[in-house]
Amino acid sequence: NEGKLWGGRFDSGPSPELDALSRSTHFDWRLTLYDLAGSHAHAKALGAAGLLSADDEAAVHAGLDALARRYEAGELHPDPSDEDVHGALERLLLEEVGPELGGRLRAGRSRNDQIATLLRSFLLDHSDVVSRLVLDLVEALAEQARAHLGAVMPGRTHLQHAQPVLLSHHLLAHAWPLLRDVDRLADWRRRTSAESPYGGGALAGNSLGLDPELVARELGFAGTSPNSIDGTAARDAAAEFAYVCAQIGIDVSRLAEEVILWSTREFGFVRLHDSWSTGSSIMPQKKNPDIAELARGKAGRLVGNLAGLLTTLKALPLAYNRDLQEDKEPVFDSVDTLEVLLPAFTGMVATLVFDTDRMAELAPQGFSLATDVAEWLVREGVPFRIAHEVAGACVRRCEELGCELDELTDEQLREISPHLTPEVRDVLTVEGSVASRSGRGGTAPVRVAEQLDELVAVAAKA
Ligand code: ARG
């Protein structure tokens, strides 16, 4: 068991099959710099506790720095015999500073409290990156909204024409959930950076008088885990992070689906920029919304990462179990997925070219102004129940005649109801309809302009 972190009580080394199953360096090696930072902090704690002389501590720091430099130069690699990043870095440190000194560093810590801390540190860094990328997408949506403040479109419920809305209003409806995701990440960061599990040892804490607060401060945490069993065994921080990533994927997928629909010939609402769309290997005419489709597909993957991690955690007894090694790949994958998806998706959104004439033409179709007729009647003193009936009768009459609401003659209107005077036509325009929805959050141009300012202000503070 030469070179292993354990082995004193074993007669024989692990089988190659066990090694192959157990090994995690192919995915946890990316935690190298976090592991080294933890070791620096731990060396300080050992020094402060009188377990490393000042000279020895300085030599350990120098050795760790040398490893970091080699890693950053791409010259540090795990060996096939290394079980995980922690074991590999201990072996490499022993090579740097000698077995006598290197062998002192492990006192009072365990891979269990190390990994619980390092994973938090890694995710904290990447949560910043993901937040930034989501904010870039919010900004692209805000820019498109600003560029189309006056444009109208058919607003839909059940995918059926419902009421006309502003295109900018609709685009901002995709931006707000993304801002909430950014807020979720900030909230998650506050909770996750509050507790460093380092110092919890394997599960029970350390007996060497080490100061976990010192380690926490060095690593940028606000405090330490109040319970070493919880600190080493809990992974709710990873699961919550995976949830927010999944929610971002879901929110993006809803816009993705609309872009896919909008870019069909049948909708014809939007054209994709050549640099942000793909062709077909056989059909020369094709222009495909692959970014949006990949976004839709990757949402499933992000949900899968969350579901997989939660399933690993379900009914897992305290404290550390090796099952927990399965915590890393799902969250690493979620981070990698979003960090490659979001820039592409943002580029696609920023370069969408809307056919606002087409949208304006379709906005009043499908009798989407029927509610305006009903609400006009209400303003004329008609009870809404009756007004709804009357407006419905207008739609039925139009369907019989094959015309639109504003094409009903004065006489046809009067036949449907004596309340329907020619003045009703004042509300039978898309512009009139959207302008009338002027309560907070409504689609009236003045409200949407305010909404855009509000969004930009919230995003600036995020
Ligand atoms: N590589 C392990 C993990 O990722 C940490 C090591 C803990 N192993 C152990 N046998 N206690 O969870």
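This report walks through a predicted protein model, from its overall form to one helix, the ligand shell and a loop serine.

Local features in this predicted model need pLDDT of at least 70 and side-chain atom pairs count only at pLDDT 80 or more, while totals for chains, interfaces and linings use all residues. Residues are numbered from 1 along each chain as its sequence is written.

**Overall form**

Let's start with the whole protein chain, which has 19 helices and four strands. Helices (H or I, at least four residues) and strands (E, at least two) are DSSP runs, numbered from the N terminus. The radius of gyration of the protein chain is 31 Å, whereas a compact globule of 462 residues would have one near 23 Å. That radius is taken over C-alpha atoms, and the globule rule is 2.2 Å times the number of residues to the power 0.38. Along the principal axes, the C-alpha atoms fill a box of roughly 100 × 55 × 40 Å.

Of the 462 residues, 40% are buried. A residue is buried if 20 or more other C-beta atoms lie within 10 Å of its own, exposed if 12 or fewer, and partly exposed in between, with C-beta atoms placed from the backbone.

**Annotated spans**

UniProt lists two domains here, both from an unreviewed entry. Its positions are given in the numbering used here, feature names are shortened, and annotations may be inferred rather than shown by experiment.

| UniProt domain | Residues | Helix | Strand | End C-alpha separation |
|---|---|---|---|---|
| Fumarate lyase N-terminal | 18–304 | 63% | 5% | 27 Å |
| Argininosuccinate lyase C-terminal | 367–435 | 59% | 0% | 18 Å |

**Helix 5**

Helix 5 (residues 85–97) has 13 residues and reaches 18 Å from its first C-alpha to its last, close to the 18 Å expected at 1.5 Å a residue. The expected span is 1.5 Å times one less than the number of residues. Its buried residues include His 86, Glu 90 and Leu 93. The buried residues of helix 5 pack against helices including helix 3 (32–48) and helix 7 (111–147), where a contact needs C-beta atoms, placed from the backbone, within 7 Å. Gly 98 follows helix 5 and has a positive phi, near 90°.

**Ligand shell**

Among the residues around the ligand are Ser 24, Asp 84, Arg 111 and Tyr 320; the C-beta atom of such a residue, placed from the backbone, lies within 6 Å of the molecule.

**A loop serine**

Ser 275 sits in the loop between strand 3 (270–271) and helix 12 (290–313). Ser 275 is exposed because 8 other C-beta atoms lie within 10 Å.

How values were computed: Contact = placed C-beta atoms within 7 Å.
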